[in-house]
Protein chains: 2
Amino acid sequence: MPKILIIGDGQLARMLHTEAIELGLSLRVLANSPTESAAAICGDVILGDYHDEATVKAAATGVDVITFEHEHVPAHIIDNLIRDGYNVQPHGDALIHAQDKLVMRRALRNAGAPVPPFAPIDSTDDARAFWEAMDGAVCLKARTGGYDGKGVWFPDSLDELEQLVAEQLDHNTPLMAEKKVHLNRELSALIARSPRGEVRCWDIAETNQDGGVCRWAQAPAANVDAEKIETFATGIAETLDVTGVLAVELFDTDEGIFVNELAMRPHNTGHWTQNGATTSQFEQHLRAVANLPLGSTDMTCAHAVMANILGGDTTWDHDLGERIATVWRSYPDAKIHLYGKQHRPGRKLGHINLTGSDPIAVRADALAAAHYIAHGHWPA
Amino acid sequence: MPKILIIGDGQLARMLHTEAIELGLSLRVLANSPTESAAAICGDVILGDYHDEATVKAAATGVDVITFEHEHVPAHIIDNLIRDGYNVQPHGDALIHAQDKLVMRRALRNAGAPVPPFAPIDSTDDARAFWEAMDGAVCLKARTGGYDGKGVWFPDSLDELEQLVAEQLDHNTPLMAEKKVHLNRELSALIARSPRGEVRCWDIAETNQDGGVCRWAQAPAANVDAEKIETFATGIAETLDVTGVLAVELFDTDEGIFVNELAMRPHNTGHWTQNGATTSQFEQHLRAVANLPLGSTDMTCAHAVMANILGGDTTWDHDLGERIATVWRSYPDAKIHLYGKQHRPGRKLGHINLTGSDPIAVRADALAAAHYIAHGHWPA
């Protein structure tokens with residue numbers, strides 16, 4: 001069976017690892033520290049910095065496939081790996097669209113996909129022009145490196161925008177801006193594609209973010225034209241030649257659906273597939289990057305909800321084991337996934353998956369269970 | 001979260017490990033060799049011999065719970081660990097019934113559970129007396145250490161029995177004999193019990209053995225009095241004070257149901273729970289030995305089948321990855337679990353779980369898929 005290198009040491013690499021073990025695939029993790037989420041539980045860990053080409057190449061020695069749990073590996077390293085004959089999935093020409101939001105917006109627009117109006121921001125003059133064109137409805141974004149709401153700003157005034165732009169350009173942060181749209185809700189289209197071109201789509205999920213951080217995801221989303229979205233997401237995967245899992249984050253607005261972000265890896269909004277679909281996004285990503293046939297994406301339940309366990313501000317009178325015991329006494333079918341991370345306010349520490357026949361009840365229960373584990377008390 | 005030591009390095013420890021990672025439980029493996037199934041994928045491996053008390057105690061330092069993937073740890077080591085304050089689950093007074101078939105038979109008979117006629121065999125005289133009493137329908141068993149059909153003999157004549165007994169007693173193998181019953185089929189009752197006395201039963205499975213080695217298991221078994229068997233299996237767990245998973249292997253005969261064997265750990269006949277039940281036997285075993293609330297054992301499908309991938313005699317023109325690809329092209333919803341073991345004829349290399357609505361078709365498909373991976377061609 002192929003040997004796979006995952007660049008990254010967080011919870012996505014951790015959950016890829018558990019699926020890899022069951023499949024008999026041999027996984028190696030390139031990690032910053034032996035105590036990180038994936039490094040702590042993997043038997044084949046290379047410690048080092050993924051910004052260093054020699055480190056990445058040393059880690060890649062003897063593996064059959066290199067893949068990622070994040071978009072932060074510098075593009076020139078990926079290009080050099082491919083030039084030197086390494087098998088990188090997804091390859092750099094695809095991954096650049098998940099790394100650079102401006103490149104992604106341009107490619108999507110060229111492919112005819114719906115994106116909000118946008119512009120590169122290389123000066124405060126650019127910022128002022130875009131602000132005026134958008135009538136002040138402006139979202140400023142770092143083109144690269146952002147995640148979980150980091151690198152995204154919603155200025156309330158032109159002064160604030162100009163100040164932000166000046167500061168960020170001083171820090172050499174490449175910027176773009178796009179029209180701030182009025183969201184009715186967010187959706188996520190999750191698909192997988194293999195190098196031989198096989199594609200599978202999971203059910204569309206409705207997702208909820210707070211401060212840029214995912215709170216919950218629920219599948220299937222109600223009242224969506226799933227066929228249209230799947231066709232559209234498949235088109236993006238094929239046009240950009242994506243391999244592995246592709247998450248297409250969507251804004252559902254009064255003006256229709258817009259693409260917000262692309263991620264070319266397992267995604268927080270797809271964790272529900274671990275307990276709600278025949279093939280999880282983690283298993284499917286491994287199958288896809290190894291160019292093995294893809295699995296069925298059929299749901300195994302009527303409704304599935306994932307609720308993130310986000311570190312709270314509270315301190316507890318009882319430990320994690322006791323909080324979990326309390327949750328399981330109330331919800332014996334709650335599937336608890338923990339990442340082995342130290343508590344920090346707002347940090348993603350784990351998630352709860354719950355399935356059932358009543359979509360409203362399932363979501364309320366999953367959120368209550370996740371809240372209890374994070375806070376040590378039930379939500380008000 | 002509690003730290004758990006698993007004594008054993010095979011596929012059961014491997015699959016306990018993947019569930020432990022998802023639960024955020026920290027697992028340590030006591031292994032014979034770093035290349036064994038569980039040792040190869042676990043980040044916290046202690047190498048050593050579980051027959052050596054000092055080794056086991058050193059491995060147990062700093063853990064909250066000690067548990068097992070087999071019954072072969074000497075009873076005196078377990079007793080000494082408990083005496084010294086270690087938390088061993090299941091404890092030695094329970095585990096002795098899975099270690100010594102004669103002790104188990106006596107306890108079951110005293111508890112009123114149905115067992116075939118049996119006797120200790122300490123001499124060829126004992127053997128001859130039992131042969132005559134049973135009219136030649138005799139199964140000879142090593143009291144301890146047997147598995148997968150090893151340590152079980154079906155002599156065709158009194159001469160053969162006497163010779164076997166003389167040989168085995170010469171090797172200091174403690175022996176017992178029981179009446180050879182005519183099987184209509186075999187069943188498996190899988191239950192879990194926690195130290196605080198919580199009990200959960202999964203659906204009864206029909207199982208199939210060939211030469212003492214499990215071929216397949218299917219849940220739910222047709223035409224069984226599930227309630228009666230569950231009551232009966234729960235009674236065994238409570239009487240023997242079992243903690244963790246208990247597998248009660250049953251013979252279904254014209255004279256009724258008899259208990260064949262007990263295993264106090266996840267069991268091959270329960271692998272279907274990984275993809276066919278809300279809580280797998282591996283997750284449940286960890287929850288039980290850590291004294292956490294037990295999970296729902298509801299099935300998530302109409303029918304679930306597990307088929308073992310047993311090493312064949314053939315050599316292949318193509319590699320494992322290609323055989324898996326072929327299986328997945330035919331069965332995209334087949335859940336393949338591989339143990340990372342080198343091929344050897346007859347060896348358990350992995351298993352396939354398949355679920356569906358037609359029990360006959362699901363079993364045929366699972367067996368075909370497992371056969372293909374083992375042999376490189378479809379069954380005739």
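# A guided tour of chains A and B

Begin in chain B by selecting helix α4, where the buried residues are B:G92, B:A94, B:L95, B:H97, B:A98 and B:Q99. Because six of the eight residues of α4(B) are buried, the helix is largely enclosed by the rest of the structure. Keep in mind throughout the tour that what you have open is a predicted model. If you now show the surroundings of α4(B), you will find that what covers its buried residues includes β4, α3 (75-83), α5 and β14 (256-263) of chain B.

**The partner helix of α4(B)**

Add helix α5 (residues 101-110) of chain B to the selection, and look at how its axis meets that of α4 (residues 92-99): the two axes come within 5 Å and cross at roughly 110°. That angle is why α4(B) is described as roughly perpendicular to α5(B). To see where they touch, display the side chains of B:I96, B:H97 and B:Q99 in α4(B), which meet B:K101, B:V103, B:M104 and B:A107 in α5(B).

Before leaving this part of the chain, step back to B:P90, which is found in the loop between α3 and α4 of chain B. The peptide bond that leads from B:Q89 into B:P90 is cis, and its omega is near -5°.

**The sheet of chain B**

Next, hide the helices and select the strands β3, β2, β1 and β4 of chain B, which form an open sheet in just that order, with parallel pairing. Which strands stand at the edges of this sheet? They are β3 and β4 (65-68) of chain B, each of which has a single partner strand, so one side of each is left without a neighbour in the sheet. As you rotate the view, note that neighbouring strands of this sheet are turned by 25° against each other on average, direction ignored.

Now colour β2 (residues 26-31) of chain B, a strand that is mostly covered, since five of its six residues are buried. On one side, β2(B) runs parallel to strand β1 (residues 3-7) of chain B, to which five bridges join it, and within this pair you can find B:K3 standing opposite B:S26 of β2(B). β2(B) also pairs in the parallel sense with strand β3 (residues 45-47) of chain B, here over three bridges, and in this pair B:V29 stands opposite B:V45 of β3(B). Bring back helix α1 (residues 11-23) of chain B, and you can trace a right-handed β-α-β unit that is made by β1(B), α1(B) and β2(B).

**Single residues further along chain B**

Select B:D135, which has its place in the loop between α6 (124-133) and β6 (138-142) of chain B. Its phi is near 60°, a positive value in a residue other than glycine, and B:D135 is exposed, with a relative accessible area of 75%.

Continue to B:N275 in helix α9 (residues 273-276) of chain B, which counts as partly exposed at 24% relative accessibility. Leaving aside residues up to four places away in sequence, B:N275 touches B:T300, B:K335, B:H337, B:N353 and B:T355. With B:T300 the separation of the C-alpha atoms is 7.9 Å, although B:N275 and B:T300 are 25 residues apart along the chain.

Is B:T297, the next residue to select, buried or exposed? With a relative accessibility of 8%, B:T297 counts as buried, and you will find it in the loop between α10 (281-289) and β15 (303-310) of chain B. Again not counting residues up to four places away in sequence, B:T297 touches B:R200, B:C201, B:W202, B:A277 and B:Q284.

**Across to chain A**

Finish in chain A, first with helix α2 (residues 53-60) and helix α3 (residues 75-83), whose axes come within 10 Å and cross at roughly 45°. At such an angle α2(A) is oblique to α3(A), and the crossing of the two is right-handed. The contact is made by A:E53, A:V56 and A:K57 on the side of α2(A), and by A:H76, A:I77, A:N80 and A:L81 on the side of α3(A).

The last stop is the loop between β12 (213-219) and α8 (226-239) of chain A, where A:P220 is found. A cis peptide bond, with omega about -5°, joins A:A219 and A:P220. A:N223 has its place in the loop between β12 and α8 of chain A as well; its phi is positive, about 50°, although A:N223 is not a glycine, and at 77% relative accessibility A:N223 counts as exposed.

Technical notes: Residues are numbered from 1 along each chain as its sequence is written. Chains are lettered from A and ligands numbered from 1 in the order in which they are written. This is a predicted model: local features need pLDDT of at least 70, side-chain atom pairs count only at pLDDT 80 or more; totals for chains, interfaces and linings use all residues. Side-chain values use heavy atoms; hydrogens and water are left out. Buried means under 20% relative accessible area, exposed over 50%, partly exposed in between (1.4 Å probe, protein chains only). Helices (H or I, at least four residues) and strands (E, at least two) are DSSP runs, numbered from the N terminus. Two strands pair if DSSP finds at least two bridges between them. A crossover is right-handed if, with the strands pointing away from the viewer, the path from the first strand over the helix to the second runs clockwise. Axes are lines fitted to C-alpha atoms, for helices over the stretch in contact, and angles run from 0 to 180 degrees between N-to-C directions. Angles under 35 degrees count as roughly parallel, over 145 as roughly antiparallel, 65 to 115 as roughly perpendicular and the rest as oblique. A crossing is left-handed if the near helix is turned anticlockwise from the far one by less than a right angle, and right-handed if clockwise. Contact means heavy atoms within 4.5 Å.
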